[in-house]
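Student: Please take one part of this protein and go through it closely. I would like to know how its pieces fit together.

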Amino acid sequence: MAGKPLNNIWIKRRQCPCGDWKCYIKYEGDDQIPVESQSVKNDLTSLSSQEVVFTPYVGQIFKTDDEAFDYYCNFARKNGFSIRKARSTESQNLGVYRRDFVCYRSGFNQPRKKANVEHPRERKSVRCGCDAKLYLTKEIVDGVKQWYVSQFSNVHNHELLEDDQVRLLPAYRKITEPDQERIILLSKAGFPVNRIVKVLELEKGVQPGQLPFIEKDVRNFVRSCKKTVEENDTLLTVKRDNDLLELLEACKVEVERDGEFVYNFITDEKGRVENIAWAYGNSIRAFSVFGDVVIFDTSYRSVTYNMILGLWFGIDNHGRPILFGCTLLQDETSQSFSWALQVFVSFMRGRQPQIVVTDMDSGLRDAIAVEMPNTKHIISIWHVFSKMSSWFSLQLGLQYSDFKSEFDMLCHLENVEDFELQWNHLVARFGIGSDKHIALLFSYRTSWPFCYIRSFFLARIMTPEYSKSLETFSKNILREQSSFEMFFKQVGIAANTRTENTEEMLYLPTKTSMPMEENARSILTPFAFRSLQHEITLSLQYAITQMSNGSYLVRHYKKIERECLVIWIGDEEHVHCSCKEFEHSGILCRHSLRVLVAKNYFQIPEKYFPLRWRLESSLNLLKDQIVTNNNDECSQAFHSLTKTLFSESFVSKQRFSYVQGELTQLLEHVRNMPVSDQSISPDNIIES
C-alpha cells in the first residue's frame, strides 16, 4: 500500500449533494457484480450457490497446485468448513512436488511460552485434531507438469457450519480493495470503527451484520495500515507541493511558447499553492465563437492529491466537445468555486456564457448566483439520472423500474403545470413525499426538467450523443498520470486540437430534394444539417390549419402528439413555434418548416441559420490567427472566397469530390512552400 497512491488517480466525486454523510453515490461500473447486496450475502468465491462442487477424489488431475487449492476451498465453503495450507515437500529436480491442504481445525495448538505479565491472555484454540485433508503430488506426463490427488479424506470430528455461519470464518472474511480505500478515507475523516461499518452497510444496502467481514476485521485493518497511511500522507503532501510547483513552472514555459496562454493561482499563508487554473489561446478564441453555452464539469477529484478538478467544456459547430479551461481546487466550497468562476471570466476577457451547465452542488450554485448573475444555471439531466439508483432503488425495491420509467417521462413534459401535477402524483403513488432527495430535486426544479429550460438555448449540449462524446473526451484527458505536469501536457493536447480539422467533411445527400434542404446543406455543418434535415423530412407528415389571427395550428397527420401553435409575421419573415425547438437548439422545428413551405419559401430565412452552426464559424477561429498589419481586406477577401467555395461545392457530389481532391493537393503544395519574411497586406495580394 505504501507505494501505490503515488500515481495520480482520478475518481468521480461520490458525496451526495444533499450533504448527508450517509449518502454515497454509486455510478455504473462501480461494482463488478450487478446486485451487490446479494453478492456480499451469498458468496466471496467464484461459484454461485446454484453451482455444484463435486467431492474431490484420489487420482483427480489439476494443472497447477493453485487450481487444486481453489477447488478444495470452494468445496469446503459449500460444506461448512475452511482449509489451510500445511506442509510442502520439495526436491532439487522437481522443486515443490507435494502439497498438503488440511481442514482449518486440523492438528492441535502448540503451547506457547507465557509472557511475563500479571494476567496473560488465554486464547482458546479451534484446532481439535480433525483429519480431513487433501494431499497433492506433482508428476510429469509427456513433458507436461501436472498435479494429482494422492490422498483425500472428508471425515471431520467436529460439526460443520451452516452457510450463514461459514461466511464468518477468517478464511472467507475479505475486505476488498474498494472497501479498503473507503475505510481508510472514513478513518482519516475521524469516523470510529463502528460508524464506518454502519456507513458501509448503508452504502451496500445490506442488513446489519451481513457484510463479508466483521467489525473486528475493520478494526484490525485500520490498526495495521495506520502507520502506512500516515507515511503515505506525508509522502503525498510533499509530492503534491512539488508537483504543483512543477505545474507552475510548466505554465511559465507555456506563456513563452504561446503568448495568449493564461494562468492564475493562489497560495496559503505558507506559500503553498491552493488553487490553480489555466487556459490556452486556442480555447479563448474558440470561446468567442462557441462560448454561449458551457459545461463546468467538477465530477472528478484526484485521490492522490485530494484536489477537485474543474473542466470547462463547450460544443463546436460540428457537435464535438471543446476544452475552454481547466482548474484544480483544494476543496468544493463556494469560496473555491467563486475563485474558479472569477478567473475563468478573466481568462475569457470578461465575456460570460449565457448558459452554464453543472452537476447539483449547493456551493457551486451559490457561487454562480454571485459571480454570474446574468447567466442561466442549468443542472445536467444526465447527472440527475446517474444518482437515481443510489437514491431510490433500495427503498423502492421492485417498484424502482416503474418509478424510473415514470420519472423519465416526467422529465420530458413540455408544460410546467403538467410537470408539477404529475410530480405530486408520482410522489404520492410511490410514498416518497418525506424523502430528502425528492425534496432536493424539487428545490432545483427550475434548473433541470425540460419544461423549465426549453426556452433557453442549450446548443444540443444535453443530447445523449454529446454526453457520450464528452465522457470519452474527458477519459482521454484523465488517463492515469504520475504527476500534474503529465496531466498538464494531456490537457494541452486536448485544448490545442483544432476543432475544424477533427471531422472529415462529409457529403450528405438530400432526402426530399426540396430547395430549402439543398440551400441549408451549403450553409450548415454536417452535424447541424443532419438535425435540420431530420426536421425537414418529418415536416411532410404535418398538416396546418390557419387561424383567424393569421397564426397556424400544426398537427401530425396521425395526431400522435400535441398540436403546436406557429406564429407567422410575413413582413419580418418571423416564425415562432410553441414547441420552442429553435430557441432551445438553434435548429428550426418541423412545425415552423411546414408553415414556410406553405408560404412558398424555397429557402429558409438567413436569420434562422445561427452563426454557431454555420460552416463559416470554423473559419472564424482562423481569423485571429492571421497576422494583421492593416490587412482586414485580406481576411475579408479570403473569408469570402472560402465561403463561396463551400457553397458551390455542395451543389453536387461531383463538385464536392473535385473540390476535396484539389484542396488536398493545394494544402500539401502550400505546406511545402518556403516561408518568406514579407508580411501580408492588401498591396501584395494578386487578385485573380
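Tutor: What follows looks at one annotated span and its surroundings, then at the wider core. The model is predicted, so local features need pLDDT of at least 70 and side-chain atom pairs count only at pLDDT 80 or more, while totals for chains, interfaces and linings use all residues. Residues are numbered from 1 along each chain as its sequence is written, and side-chain values use heavy atoms, with hydrogens and water left out.

The span comes from a record: an unreviewed UniProt entry lists residues 565-600 as "domain: SWIM-type". UniProt positions are given here in the numbering of this model, feature names are shortened, and annotations may be inferred rather than shown by experiment. The C-alpha atoms at the ends of residues 565-600 are 19 Å apart, and the span is 39% helix and 25% strand. Helices (H or I, at least four residues) and strands (E, at least two) are DSSP runs, numbered from the N terminus.

Start with strand 16 (residues 564-569). Its side chains alternate: Cys564, Val566 and Trp568 point to one face and are buried, while Leu565, Ile567 and Ile569 point to the other face and are not. Buried means under 20% relative accessible area, exposed means over 50%, and partly exposed lies in between (1.4 Å probe, protein chains only).

Strand 16 has a partner in strand 15, and the two pair in the antiparallel sense over three bridges. Two strands count as paired if DSSP finds at least two bridges between them. In this pairing, Leu553 has Leu565 of strand 16 as its bridge partner. Strand 16 is also joined to strand 17, again antiparallel, by four bridges. There, the bridge partner of Ile567 is His576 of strand 17. Strand 16 and strand 17 form a hairpin with four residues between the strands, where Glu573 takes a positive phi near 50°.

Now the cysteines. The structure holds zero disulfides, a disulfide being a pair of cysteine sulfur atoms within 2.5 Å. For Cys579, the nearest cysteine sulfur is that of Cys577, 3.5 Å away, and Cys579 is in no disulfide. Cys579 is buried, with a relative accessible area of 12%.

Helix 20 (residues 590-598) has these buried residues: Arg590, His591, Ser592, Leu593, Val595 and Leu596. They pack against helix 17, helix 18, strand 14, strand 15, strand 16 and strand 17; contact here means heavy atoms within 4.5 Å. Just after helix 20, Asn600 takes a positive phi of about 60°.

Last, the wider setting. In soluble globular proteins, nonpolar side chains tend to be buried together. A nonpolar core is a set of buried Ala, Val, Leu, Ile, Met, Phe, Trp, Tyr and Cys residues joined through side-chain atoms within 4.5 Å. The largest one here has 101 residues, and those touching the most other members are Trp278, Phe392, Phe403, Phe407, Trp448 and Leu532. A second, separate core has 28 residues, including Ala279 and Phe347. Leaving out residues up to four places away in sequence, Phe407 touches Val384, Phe385, Met388, Trp423, Leu426, Leu441 and Trp448.
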